[in-house]
Amino acid sequence: MKNITILGATGSIGTSTLAVIDLHPNSFKVFAISANKSWQQMLKLCIKYQPEYAVMANENAASKLQKALTNDTKILSGAKSLNYIAAHKKTDYVMAAIVGVAGIHSVLMAAESGKRIMLANKESLILAGNILLESIIKNNSQLIPVDSEHCAIMQCIQNSKSKLQKVQLTASGGPFLNTPISKLKSVSIKDACNHPNWSMGHKISIDSATMINKGLEVIEAHYLFNLKPEQIEVVIHPKSIIHSLVYYKDGSVLSQLSNPDMRCAISYSMAYPNRIKSGVKTLDLIKHSPLEFYKPDYKKFPCLELAFESLKQGVSAIGAINAANEIAVAAFMQGKIKFLDIAKVIEKTLASTKRAELNNLASVIANNETARQVASLIIKQCSYN
Ligand code: NAD
Ligand code: MG
């Protein structure tokens with residue numbers, strides 16, 4: 001029996017993780033769960049799974065949960081408590097499914113404590129890739145990517161990484177793949193969140209619509225598989241059936257296919273090196289044919305280019321585009337800026353970021369804070385509306 005701590009249990013990945021656990025009650029136990037503010041949803045999870053700990057990052061939400069709950073689950077609050085459950089000696093596996101930079105500390109704590117990290121929170125790698133990977137080696141932890149593309153690549157390179165030429169990350173192209181640039185000016189939040197294939201949280205849905213999500217995944221692949229920027233390509237594959245491809249120097253190409261459902265990657269991260277039932281339907285290739293592939297349109301999706309550019313510039317630039325994007329997406333969600341302004345905010349923030357080596361978490365966080373302030377100022381100063 002493996003004890004699982006789910007950070008971000010109420011989100012899209014958290015919910016899918018619980019659905020996989022439901023299929024294997026004799027192999028996995030929900031040891032601890034966390035969420036930000038959604039205490040009512042957490043109450044239901046506490047009643048169903050009876051975890052030892054439930055953490056609400058928000059203190060007010062924690063006291064509401066405490067008042068409503070009658071079982072023995074210990075309710076904790078605040079960001080430090082996320083670290084506590086991630087590092088707890090009874091935790092075997094940590095599902096890192098908090099959205100954004102808020103997830104980074106707990107992932108590092110899990111790494112320091114020798115856990116298996118099932119990593120959905122791509123921001124930890126993007127911002128602190130070297131620090132995280134060093135800690136994983138030093139503490140004998142394990143990192144299994146839950147992002148579908150990276151999980152696919154990991155599966156493909158199980159037998160051999162030698163003579164690997166390049167990887168190709170597949171991208172659906174998001175909800176605006178076939179929308180002309182002229183129409184992108186006026187798209188709504190609802191349009192941007194309406195992903196054709198995947199059901200996801202709001203932030204990553206908007207990121208898919210701007211395609212910065214794919215750009216962030218390029219950076220993620222760089223760290224995870226030790227690849228140079230020129231070894232990572234993006235190909236548009238609108239149906240999201242092929243989850244990435246690995247090209248070898250002998251001319252062979254390996255890939256992993258499935259219906260677009262995150263339970264596939266989640267179950268793999270839980271069962272690795274084995275496989276278990278995930279609840280995902282068997283793939284029907286005939287139903288999905290033809291599978292199509294296109295070059296990405298970098299003019300229409302400048303965020304993709306900006307991500308590649310930041311990777312070439314280094315860690316402070318990568319941190320800057322991630323922070324600027326978080327601020328710009330939040331502003332878009334609040335109706336303060338338009339969809340196309342997201343890329344402009346990122347570009348301007350990147351342009352005003354100083355190149356620096358960030359060798360510890362404090363400098364990563366400081367760089368993130370500075371870039372957030374710069375991006376907020378850019379949004380204030382420019383009358384985008
Ligand atoms: P979501 O918005 O659905 O859920 C986020 C979870 O994090 C919630 O439980 C929320 O309560 C918690 N949370 C939010 N802010 C927090 C804070 N400040 N402190 C503590 N907890 C906080 O997001 P999601 O779509 O499940 O994505 C989670 C992560 O997984 C993201 O990093 C995303 O990029 C990555 N990811 C998601 C998918 C997907 O299909 N949804 C695919 C690949 C990668
Ligand atoms: Mg992905």
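Here are some questions and answers about the sheet, a helix pair and the inner spaces of this predicted model.

Q: In what order do the 7 strands of the open sheet stand?
A: Let's start with the sheet, where the pairing is parallel. The twist averages 20° from one strand to the next. Reading across the sheet, the order is β4-β3-β2-β1-β5-β6-β7.

Q: Which strands have one side left without a neighbour in the sheet, and why?
A: A strand at the edge has a single partner strand, so one of its sides is left without a neighbour. That is the situation of two strands here, β4 (74-77) and β7 (142-145).

Q: Which residue in β4 is the bridge partner of Ala54?
A: Look at strand β3, residues 53-56, which runs parallel to β4. The two strands are joined by 4 bridges. For Ala54, the bridge partner in β4 is Ile75.

Q: What angle does the direction of helix α12 make with that of β6?
A: Helix α12, residues 263-271, packs on the sheet. Among the strands it touches are β1 (2-7), β2 (28-35) and β5 (93-96), along with β6 (116-119) and β7. Its direction and that of β6 make an angle of about 170°.

Q: Is the crossing of α6 and α15 left-handed or right-handed?
A: Find helix α6 at residues 122-138 and helix α15 at residues 315-333. Their axes come within 8 Å and cross at roughly 145°. The crossing of α6 and α15 is left-handed.

Q: Which residues in α15 are met by Glu123, Ile126 and Leu127 in α6?
A: The contact of α6 with α15 has 3 nonpolar, 2 polar and 2 charged residues. On the α6 side you will find Glu123, Ile126 and Leu127. Their partners in α15 are Ile318, Gly319, Asn322 and Glu326.

Q: Which element gives the largest share of the lining of the second largest pocket?
A: This pocket holds about 300 Å³ of space. Of its 19 lining residues, the closest to the centre are Asn130, Tyr223, Val315, Glu357 and Leu358. The elements that give two or more residues to the lining are α6, α11 (212-225), α14 (302-313) and α15. The largest share, 6 residues, comes from α6.

Q: How many residues in the lining of the second largest pocket are nonpolar?
A: We can sort the lining of this pocket by class. It has 6 polar and 2 charged residues. The number of nonpolar residues is 11.

Q: How much space lies in the largest cavity?
A: A search of the whole structure for cavities of 30 Å³ or more finds 2. The lining of the largest cavity includes Leu184, Thr210, Lys300 and Phe301, and both α14 and α16 (341-351) give two or more residues to this lining. By class, the lining has 8 nonpolar, 1 polar and 1 charged residue. The space in the largest cavity is about 80 Å³.

Q: Which element gives the largest share of the lining of the second largest cavity?
A: The second largest cavity has a volume of about 60 Å³. Its lining includes Ser148, Trp198, His243 and Asp261. Two elements, α7 (148-156) and α12, give two or more residues to the lining. The largest share, 3 residues, comes from α7.

Q: How many polar residues are in the lining of the second largest cavity?
A: Among the residues that line this cavity are Gln155, Gln256 and Asn259. By class, the lining has 5 nonpolar residues and 1 charged residue. The number of polar residues is 6.

Notes
Residues are numbered from 1 along each chain as its sequence is written. Chains are lettered from A and ligands numbered from 1 in the order in which they are written. This is a predicted model: local features need pLDDT of at least 70, side-chain atom pairs count only at pLDDT 80 or more; totals for chains, interfaces and linings use all residues. Side-chain values use heavy atoms; hydrogens and water are left out. Axes are lines fitted to C-alpha atoms, for helices over the stretch in contact, and angles run from 0 to 180 degrees between N-to-C directions. A crossing is left-handed if the near helix is turned anticlockwise from the far one by less than a right angle, and right-handed if clockwise. Contact means heavy atoms within 4.5 Å. Ala, Val, Leu, Ile, Met, Phe, Trp, Tyr, Cys and Pro count as nonpolar, Asp, Glu, Lys and Arg as charged, and the others, Gly among them, as polar. Two strands pair if DSSP finds at least two bridges between them. On a 1 Å grid over the protein atoms alone, a cavity is a set of points where a 1.4 Å probe fits but cannot get out, and a pocket is an open set with protein on both sides within 12 Å along at least five of seven lines; lining residues have an atom within 4 Å of a point. Grid points are joined across faces, edges and corners, and a volume is the space filled by probe spheres set on the points.
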